[in-house]
Amino acid sequence: MPNSFIKYEDCVVKLNEKTVFATNASLSVSANLSAERDAYGRFLRYSPGGGVAGSLSLTFFPTQNFSGNYQEFDLIKIVQQPEHLDSFINGTTGSFAGVEFSNAYLKSFEFSVEPFSPISINTTFDVYGSLTASSNLVEGSDSSAVNETGIANGVKSYFTAASSLGLDYPISFDYSAQVNMGVDYEVGSTIPTRVSRRSTDITMNINGEGFGDELSFNGNDAALTTYLYPLYSDQALGSFYCSGKVTRNELTASSNEYVRGAIQLIQNLK
């Protein structure tokens with residue numbers, strides 16, 4: 001009798017034919033339905049309010065080949081595309097545990113950096129293409145994921161600021177990007193004819209000592225570049241830039257702890 005359970009090692013995740021060193025993954029799809037009722041409130045039918053859409057969520061470790069291999073996460077390259085000019089056929093393709101998907105677009109991307117901790121990235125994709133599954137069983141695991149080395153770590157990763165932030169001795173920071181997309185349908189079509197990236201919201205939170213510089217009523221200008229490094233290498237895995245406004249200063253204290261400060265930096269990219 002064949003094994004009815006699928007092992008984690010067999011649930012290979014691929015994006016554009018490249019294996020992702022994922023620790024968690026989920027793929028879902030949903031229909032956009034709403035209930036229709038008559039003038040007396042009696043239920044008539046379920047009516048679609050949009051096309052079928054899916055969601056892919058991944059948690060993975062960026063490794064030594066991250067910058068060169070995973071252009072799907074190159075946010076600068078993504079947001080430089082002119083508004084509404086992204087072709088629908090340029091979406092990411094991939095597979096997970098034998099289920100293949102297409103036309104997946106980066107929706108969110110975030111990571112945090114703390115001393116002596118491996119850095120993992122959480123990311124989600126919106127999936128507008130069809131899902132096909134020839135089999136949920138995948139024989140044998142992909143050895144390329146097992147052989148990945150040089151995981152990013154908080155020991156050597158850091159950020160640089162173009163000017164003083166008024167916050168000393170940073171102890172942790174995080175980076176988050178949310179991509180806002182437009183989905184266009186043609187009359188008579190049940191799948192999008194175009195998915196366009198309209199803007200990207202980037203947020204950075206930095207924790208350290210101090211209260212930050214005095215905030216002006218329209219925020220303080222700031223620019224940071226984050227560099228992710230593995231533990232035993234002097235070559236950065238990738239860098240992420242954020243240039244915008246400091247919009248919040250925070251100071252907290254609790255029993256048996258140091259007084260800690262935090263600032264928040266936001267940027268909106270077209």
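**Aromatic cluster, nonpolar cores and selected backbone features**

In the predicted model, a cluster linked by ring pairs comprises Phe60, Phe66, Tyr70, Phe73, Phe109, Phe111, Phe125, Tyr175 and Phe240. The count of aromatic pairs in the structure comes to 17. In the pair formed by tyrosine 70 and phenylalanine 73, the ring centres are 6.3 Å apart and the planes meet at 50°; the pair is therefore tilted, since this angle falls neither under 30 degrees nor over 60. Both tyrosine 70 and phenylalanine 73 are buried. For phenylalanine 109 and phenylalanine 111, the ring centres are 6.2 Å apart and the planes stand at 85°, so this pair is edge-to-face. Phenylalanine 109 has a relative accessibility of 0% and therefore counts as buried. Phenylalanine 111 also counts as buried, because its relative accessibility is 3%.

Members of the aromatic cluster, including Phe73, Phe109, Phe111 and Tyr175, recur in the description of the nonpolar interior. In soluble globular proteins, nonpolar side chains tend to be buried together. The largest nonpolar core of the model holds 44 residues, and the members that touch the most others are Phe73, Phe109, Phe111 and Tyr175. The element that gives the most to this core is strand S8, spanning residues 99-113, with six residues. Another core lies apart from it and has five residues, among them Tyr128, Val179, Met181 and Val195.

The surroundings of tyrosine 175 can be listed in detail. With neighbours within four places in sequence left aside, tyrosine 175 is in contact with Leu75, Phe109, Glu110, Phe111, Ile202, Thr203, Met204, Phe240 and Tyr241. One of these residues, Tyr241, is also touched by alanine 223. Alanine 223 belongs to strand S14, which covers residues 220-228. The separation of alanine 223 and tyrosine 241 is 18 residues in sequence, and their C-alpha atoms are 7.5 Å apart in space. When residues up to four places away in sequence are not counted, alanine 223 touches Thr160, Ala161, Ala162, Tyr241, Cys242 and Ser243. The relative accessibility of alanine 223 is 15%, and the residue counts as buried because this value is under 20%.

Strand pairing is illustrated by S4 (residues 33-37) and S5 (residues 43-48), which run antiparallel and are joined by five bridges. Serine 34 has serine 47, in S5, as its bridge partner. The two strands form a hairpin with five residues between S4 and S5. In the turn, glycine 41 has a positive phi of about 85°.

Positive phi values also occur in residues other than glycine. Glutamate 17 has a phi near 70°. This residue is placed in the loop between strand S1 (13-15) and strand S2 (18-19). With a relative accessibility of 66%, glutamate 17 counts as exposed, because the value is over 50%. Asparagine 103 likewise has a positive phi, near 55°. Asparagine 103 is found in strand S8, the strand that gives the most to the largest nonpolar core. The relative accessibility of asparagine 103 is 12%, so this residue counts as buried. Of these two residues with positive phi, glutamate 17 is thus exposed, whereas asparagine 103 is buried.

How values were computed:
Residues are numbered from 1 along each chain as its sequence is written. This is a predicted model: local features need pLDDT of at least 70, side-chain atom pairs count only at pLDDT 80 or more; totals for chains, interfaces and linings use all residues. Side-chain values use heavy atoms; hydrogens and water are left out. Helices (H or I, at least four residues) and strands (E, at least two) are DSSP runs, numbered from the N terminus. Buried means under 20% relative accessible area, exposed over 50%, partly exposed in between (1.4 Å probe, protein chains only). Contact means heavy atoms within 4.5 Å. A nonpolar core is a set of buried Ala, Val, Leu, Ile, Met, Phe, Trp, Tyr and Cys residues joined through side-chain atoms within 4.5 Å. Two strands pair if DSSP finds at least two bridges between them. Rings of Phe, Tyr and Trp (its six-membered ring) pair if their centres lie within 6.5 Å; planes under 30 degrees apart count as stacked, over 60 as edge-to-face and the rest as tilted.
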